[in-house]
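What follows is a walk through one protein chain, from its interior to its surface. Look over the sequence and the model before reading on.

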Amino acid sequence: MTPKRFFNFFAVAEAVTWAMLIGGMILKYGTKTTELGVRIGGGVHGFVFLCFVIAVILVGVSQKWRAGRILMGLVSAVVPFATVPFEIVSARAGALDGPWGLGAGGRAPRGPVEKLCAWAIRSPWLAAGIGLLVVIVVFSGLLIVGPPGS
């Protein structure tokens with residue numbers, strides 16, 4: 001899977017889960033019918049948000065994005081539906097082009113962050129499994145803390 005396809009998947013998934021969360025909020029606060037939509041939409045959105053953060057860091061480091069682009073990618077996850085425009089702008093700028101920069105046959109990683117990203121790109125199934133466990137642990141911790149404002 002190319003960096004472009006990988007990033008596009010998570011950018012679109014993040015936008016879809018924003019729609020789920022907002023729809024749930026309309027049901028809860030607008031029609032006062034149920035809060036189930038917020039529980040489900042919020043949970044799924046939180047999980048995908050954490051996955052998108054990992055995707056921004058992994059693609060950004062591998063493709064040698066400047067710190068400003070990585071920061072904007074992270075900020076785009078906080079603004080509803082902004083991940084898709086960010087992905088489009090990044091694709092048009094060529095920031096998602098080509099193979100993985102730290103993939104097999106790519107440049108040698110320098111520093112601990114690049115080494116971790118290179119390992120994740122070169123061992124995707126193991127990295128996905130460990131990454132999924134990390135996201136589940138972080139997500140579970142956030143569930144224990146409770147929703148914002150509680």
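Contact here means that heavy atoms lie within 4.5 Å. With that in mind, Val 59 is a convenient place to enter this predicted model. Setting aside residues up to four places away in sequence, Val 59 touches Pro 3, Phe 6, Phe 7, Trp 65, Leu 96 and Trp 100. Several of these names will come back below.

The overall frame comes next. The chain has 6 helices and 0 strands, so that, by the DSSP assignment, its elements read α-α-α-α-α-α from the N terminus on. The C-alpha trace spans about 55 × 30 × 25 Å along its principal axes. Of the 150 residues in the chain, 37% are buried. Among contacts with a separation of 6 or more, 64% are between residues 24 or more positions apart.

Now to the interior. The largest nonpolar core has 28 residues, and those that touch the most other members are Phe 6, Phe 7, Phe 52, Leu 58, Val 59 and Trp 65. Two or more residues of this core come from each of helix H1 (3-30), helix H2 (36-62), helix H4 (83-92), helix H5 (111-122) and helix H6 (124-145). Which element gives the most to this core? That is H2, with 8 residues.

Leu 96, one of the residues that Val 59 touches, lies in the loop between H4 and H5. Is Leu 96 buried or exposed? Its relative accessible area is 1%, and because buried means under 20%, Leu 96 counts as buried. Beyond four places in sequence, Leu 96 touches Pro 3, Lys 4, Phe 7, Val 59, Trp 65, Glu 87, Ser 90 and Ala 91. Pro 3, Phe 7 and Trp 65 are also among the residues that Val 59 touches. The C-alpha atoms of Leu 96 and Ala 55 are separated by 12 Å, with their positions 41 residues apart along the chain.

Thr 2 belongs to the segment before H1. Its relative accessible area of 37% makes Thr 2 partly exposed, because that class covers values between 20% and 50%. Computed along the sequence, Thr 2 and Val 59 are 57 residues apart, while their C-alpha atoms are 9.8 Å apart in space.

Thr 83 offers another view of the interior. This residue lies in helix H4 and is buried, at 1% relative accessibility. Where its neighbours within four places are left aside, Thr 83 is in contact with Ala 11, Glu 14, Ala 15, Phe 52, Ser 76 and Ala 77. One of these, Phe 52, is also among the core residues that touch the most other members.

Aromatic rings are the next topic. A pair of aromatic rings is described by the distance of the centres and the angle of the planes. The structure holds 7 aromatic pairs. One of them joins Phe 6 and Trp 100, with 5.6 Å from centre to centre and 70 degrees between the planes. The pair is edge-to-face, because planes over 60 degrees apart are counted that way. Phe 6 sits in helix H1 and Trp 100 in the loop between H4 and H5, so the pair links distant parts of the chain, 94 residues apart. Both Phe 6 and Trp 100 are buried.

A second pair, Phe 9 with Phe 10, is also edge-to-face, at 5.0 Å centre to centre and 85 degrees between the planes. Which of these two rings belongs to a buried residue, and which to an exposed one? Phe 9 is exposed, because its relative accessible area is 52% and the exposed class begins over 50%. Phe 10, at 17% relative accessibility, counts as buried. Through ring pairs, Phe 6, Phe 9, Phe 10 and Trp 100 are linked into a cluster.

The surface comes last. The chain exposes about 9,000 Å², and carbon and sulfur atoms supply 74% of that area. A nonpolar surface patch of about 620 Å² is made by Leu 116, Trp 119, Leu 126, Ile 130, Val 134, Val 138 and Leu 142. H5 and H6 are the elements that give two or more residues to the patch, and H6 gives the most, with 5 residues. Leu 126 is one of the patch residues and is found in helix H6. Both H5 and H6 also give two or more residues to the largest nonpolar core.

Key. Residues are numbered from 1 along each chain as its sequence is written. This is a predicted model: local features need pLDDT of at least 70, side-chain atom pairs count only at pLDDT 80 or more; totals for chains, interfaces and linings use all residues. Side-chain values use heavy atoms; hydrogens and water are left out. A nonpolar core is a set of buried Ala, Val, Leu, Ile, Met, Phe, Trp, Tyr and Cys residues joined through side-chain atoms within 4.5 Å. Buried means under 20% relative accessible area, exposed over 50%, partly exposed in between (1.4 Å probe, protein chains only). Helices (H or I, at least four residues) and strands (E, at least two) are DSSP runs, numbered from the N terminus. Rings of Phe, Tyr and Trp (its six-membered ring) pair if their centres lie within 6.5 Å; planes under 30 degrees apart count as stacked, over 60 as edge-to-face and the rest as tilted. Patches are made of residues with over 30% relative accessible area and no salt bridge: like charges are joined within 9 Å, nonpolar side chains (Val, Leu, Ile, Met, Phe, Trp, Tyr) within 5 Å. Accessible areas come from the Shrake-Rupley method with a 1.4 Å probe; for residues, only the protein chains shown count as cover. A salt bridge is a side-chain nitrogen of Lys or Arg within 4 Å of a carboxyl oxygen of Asp or Glu.
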